[in-house]
Amino acid sequence: MQLDGVDNNQRTGLLTAMIPPIEALQTVDVTTSNYEAELGRAGGAVMNVNFKSGTNQTHGSLFEFNRVSRLGARPFFANAKPVTTVNNFGFTLGGPILKNKLFYFVDYQGVRDRRGDFFQGTIPTAGFRQGDLNWSRGTDIYDPATGAADGTGRLPFNNRTIPANRISPIARGIMGLIPAPITTGELNNFAIATVRQKDTDGGDGKVDYQITANDRISVRYSRQESTIFDPPLYGVKGGGFRDFAGTGNQKAINGALNYTRVWNPTLITEVRLGVMYYRNNAKNADSDLKTSQELGIPGVNVSDFTGGITNIQINGFSNPVVGYSASLPWERGETNLNFIVNNTKTIGNHTIKFGVDYRRNRDELLQNQTFNPRGRFNFTEGTASLALRNAAGQITNGSTQSFSNAFASFLLDAPNQLGRDLPLIFPTFLQRPFFSYLQDKWQVNSKLTLDIGLRHEMWPPPVPRVARGFSNFNPFTNSLEVGGVGNVPLNLGRKTYYTSFAPRLGMAYRWNEKTVIRGGYGISWVPLADNGYAFNFPVRENNSFQATSAFTTAGSMREGFPAFRPYPIPSNGIITPAPASVFNYIRSDAREAYVQSWNLAVQRQLPGQLALEVAYVGNKGTGITGVLNMNPGLTVGAGAAGQPFNVLFGRRDAINNIFFGTNSNYHSMQTKLDRRFKNGFALTTAYTWAKAIDSVGADNGGFRYYINPQRNRARADGDVRHVFVQSYIYELPFGKGKKMLTSGPMSWIAGGWQINGILTAQTGTPFNLGVPGGIINAPGNANDPNLVGAYGNPKGVGTHTTWFNPASFAQPTAGSFGNIGRNVFNGPGLFNIDSSLFRRFDITERFKAELRLESFNTSNTPKFNNPNGDITSPNFGKVTGAQGAPNGPREVQIGLKVTF
């Protein structure tokens with residue numbers, strides 16, 4: 001996304017840094033698929049918004065929009081409506097400073113957002129907290145203190161109950177931070193409504209100066225600041241199962257200087273300078289506390305950055321059971337400088353455009369989220385289960401398991417994995433890409449127009465701000481190479497590619513007066529948007545402790561983490577051997593991915609102001625980055641012994657090749673039927689039938705299978721097969737200038753009304769099913785159940801019914817994969833209607849007003865989440881949640897705008 005041609009994107013967050021008020025915008029240009037060679041750095045679409053400018057007359061507007069929960073609906077699974085109040089207000093003003101020469105435009109927008117949220121989940125019952133785990137679907141609870149160290153030969157607890165003297169005092173302390181369930185039963189027994197507070201203030205100022213008839217300059221400055229507080233579910237000390245709970249602040253600045261020179265009627269030059277800056281800081285609500293230390297977990301609260309409670313994950317419960325997002329706290333900021341020169345030259349029937357684009361991007365992110373700055377303990381079923389051997393003597397399976405076994409592991413302080421993150425150096429990513437392009441719009445004849453272009457992109461390897469700011473794992477020597485120290489290059493020796501060309505070709509052929517054929521092909525290079533890159537130890541330190549198998553422990557809360565000691569970097573910049581940790585590996589030949597896009601469309605004018613378009617649109621991604629764990633278990637049943645780097649160097653942690661290239665493809669039929677605006681009515685109907693296939697689900701996604709890796713290639717996580725959208729605008733035919741009631745009192749009462757609507761209907765996205773990892777005992781590999789009967793799809797929602805028939809699935813036999821694959825089944829679809837009613841008033845010839853009543857999800861049709869796919873979960877097959885805004889329950893907004 002660009003503001004007046006200036007970048008407005010966060011490199012790592014893939015978000016817009018600033019959201020301008022719609023009242024300040026003059027135009028919004030969205031170019032998808034095959035855009036011109038001038039545009040790039042994106043595989044899907046490029047959006048550019050241009051701000052309004054002042055004119056010789058003073059114009060402006062005042063606006064206020066209000067949204068309250070009283071006019072809306074409650075969430076589907078909630079007992080009451082969370083309190084919501086949103087006020088959006090502001091103004092715009094533009095006019096002359098010197099008539100015909102110098103103009104100004106300013107605007108302000110404020111938002112006071114009090115959004116009500118509803119959360120429902122599963123927390124431990126009173127019986128569970130006392131050690132009574134009889135609700136276990138017939139699964140026994142095994143004592144990890146008995147039997148052999150590998151988990152075989154264990155004895156079950158009597159009556160599936162943990163004796164009081166065996167329950168960890170730390171576990172008791174943690175349970176004291178969790179509120180009591182609000183309903184009876186073990187599942188979905190807790191619900192709470194919270195109110196998120198978000199205040200935003202922002203404004204823009206723009207000055208345009210017509211220096212001469214051939215020279216024009218404009219300067220714009222935009223600023224926006226938001227503060228937010230999201231409350232924890234259990235109170236400050238406990239946190240709870242939500243993505244974010246804490247405070248945050250973001251300041252964003254976007255500025256542009258544009259100079260345009262008309263050299264002669266056939267040559268125009270535009271020079272653009274731009275800057276995009278934002279600073280975003282956030283912290284968990286308990287960052288000033290030492291809760292982990294108070295609970296008796298050592299080695300956690302060792303700095304201001306690591307304050308608060310550790311993160312406790314227990315399979316089968318709503319996680320984290322206590323704690324906060326692993327992403328918190330963070331300090332992030334980015335400065336992106338743009339220098340762009342565009343030239344347009346007309347030669348006969350050719351319009352040639354050429355230019356260059358230089359950027360300097362500095363991206364800083366102090367955020368440790370491999371585990372958690374406050375530590376994370378994972379409690380799984382296996383450590384309180386019985387390990388079983390197959391005929392070959394391999395441990396490939398265990399006793400029947402449920403979430404009761406996982407909770408027993410927590411009570412016994414027997415985690416299967418734990419880890420802790422620590423920051424050492426403020427990580428900075430600095431890159432200076434350079435782009436150039438040449439394109440020709442060739443009007444071949446009255447029927448045929450060709451757009452021919454070539455773009456070149458150069459993405460030099462990034463460097464850190466200071467020496468020691470990058471650290472790369474070398475998998476061949478089991479060492480870390482610290483950038484800028486000794487003989488290690490600051491850019492880690494990555495290759496610079498000079499052959500990243502992106503050809504573009506577009507065609508429009510007028511078959512006759514009513515039929516046009518369009519087509520295009522193009523290549524777009526897509527940069528890596530990763531926030532980890534080469535920020536390994538000692539830039540970031542994460543202490544990882546891995547169990548040797550799914551049935552053994554990796555440490556304990558009682559032991560906590562070792563004392564933190566900064567690591568002295570050797571003078572040669574090479575740390576050998578690399579310590580135990582999760583590392584990223586940056587290949588020297590790593591390069592950006594590219595996407596080939598193509599389309600062919602036929603547009604036909606029909607009677608009744610209708611136009612029909614039918615198109616085939618497709619693309620193919622090459623080198624799309626996926627995170628390849630180079631150290632998974634490659635042998636069924638071998639556990640850690642099957643991990644290649646464990647065999648070589650005794651390493652059990654993941655080694656992530658973050659530039660591992662994968663391929664993807666997308667094919668679609670896209671149809672659109674437009675009814676052009678006439679007599680106050682316009683209608684657009686669109687339908688897309690599509691299929692997307694990939695291997696990792698999303699950019700920078702991870703692989704699901706390493707044994708039988710061909711199973712990874714399947715439907716993309718975001719694959720939506722059918723999408724239908726219909727929108728309309730209808731100005732009622734009453735009042736001045738219309739067909740009916742053109743004068744008199746009824747003209748004023750009935751005139752000026754407009755109704756609008758958007759209907760969206762689409763099929764659901766795919767979801768995965770999962771079974772315990774102990775079945776194949778190969779770390780890093782996911783597994784699926786067996787389909788043992790007809791799938792059955794009753795499509796029920798809620799805790800008392802299921803989306804699919806759980807009895808149709810069973811855990812595979814020991815040492816085998818299930819017979820289904822990735823993303824086989826579809827979740828719930830989406831049906832949404834947004835509608836609005838406008839009334840325009842002519843207060844005077846100069847002052848006009850518009851009153852708006854807008855409804856989002858008018859029919860109050862919930863958009864359900866995908867069903868639970870964990871076969872060990874008591875919620876297996878159940879849909880227990882629904883989405884919030886913008887696909888949440890009905891919301892109603894009232895707005896008033898005055899223009900002059």
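Start with the four-stranded open sheet: its strands run in the order 2-1-4-3, and the pairing is mixed. Keep in mind as you click around that this is a predicted model. Color the two edge strands, strand 2 (6-7) and strand 3 (25-32), each of which pairs on one side only. Now move inward to strand 1 (residues 2-3) and strand 4 (residues 45-51), which pair in the parallel sense over two bridges. For a landmark on that pairing, show Gln 2, which stands opposite Asn 48 in strand 4.

**Next stop: from strand 2 to strand 14**

Stay with strand 2 and pick out Asp 7. Which residue does Asp 7 form a salt bridge with? Select Arg 359: the closest N and O atoms of the two are 3.5 Å apart. Asp 7 belongs to strand 2 and Arg 359 to strand 14, so this pair ties together parts that are 352 residues apart in sequence. Switch on a surface and you can check that Asp 7 and Arg 359 are both buried.

While you're here, look at Tyr 358, also found in strand 14 (residues 350-367). Is Tyr 358 buried or partly exposed? With a relative accessible area of 31%, Tyr 358 counts as partly exposed. Select Tyr 358 together with Val 219, Leu 257, Leu 273, Phe 339, Val 356 and Phe 434, and you have a nonpolar surface patch of about 510 Å².

**Next stop: a salt-bridge network**

A search of the whole structure finds 41 salt bridges, so there is plenty to browse. Go to Arg 242 and Asp 117, another such pair, with the closest N and O atoms 3.8 Å apart. Arg 242 sits in the loop between strand 9 (215-230) and strand 10 (246-264), while Asp 117 is in strand 7 (residues 102-121); these distant parts of the chain are 125 residues apart. Arg 242 has 7% relative accessibility, so it counts as buried. Asp 117 is buried too, at a relative accessible area of 12%. Now add Arg 115 and Asp 230 to the selection: salt bridges that share partners join them with Asp 117 and Arg 242 into one network.

For one more pair, jump to Glu 854 and Arg 852, whose side chains meet in a salt bridge (3.8 Å, N to O). Both Glu 854 and Arg 852 are buried.

**Last stop: the three-stranded sheet**

Now find the open sheet of three strands with the order 22-23-27 and antiparallel pairing. Strand 22 and strand 27 (574-575) are its edges, each pairing on one side only.

Zoom in on strand 22 (residues 471-474) and show its side chains. In a regular strand, side chains alternate between the two faces of the sheet. Which residues of strand 22 lie on each side? Ser 471 and Phe 473 are on one side, Asn 472 and Asn 474 on the other, and all of them are buried, leaving both faces covered.

Follow the chain into strand 23 (residues 479-482), which pairs with strand 22 in the antiparallel sense over four bridges. The two strands form a hairpin with four residues between them. Click Asn 478 in the turn, where phi is positive, about 55 degrees.

Finish on Leu 480 in strand 23, the bridge partner of Phe 473. Leu 480 also stands opposite Ile 575 in strand 27, and two bridges join strand 23 to strand 27, the two running antiparallel.

Terms used:
Residues numbered from 1 in each chain as written. Predicted model: local features only at pLDDT ≥ 70, side-chain atom pairs only at ≥ 80, totals over all residues. Heavy atoms only, no water. Patch = residues over 30% accessible without salt bridge, like charges linked within 9 Å, V, L, I, M, F, W, Y side chains within 5 Å. Areas by Shrake-Rupley, 256 points an atom, 1.4 Å probe, with all protein chains shown as cover. Salt bridge = Lys/Arg side-chain N within 4 Å of Asp/Glu carboxyl O. Buried < 20%, exposed > 50% of the residue type's maximum accessible area, 1.4 Å probe, protein only. Pairing = 2+ DSSP bridges.
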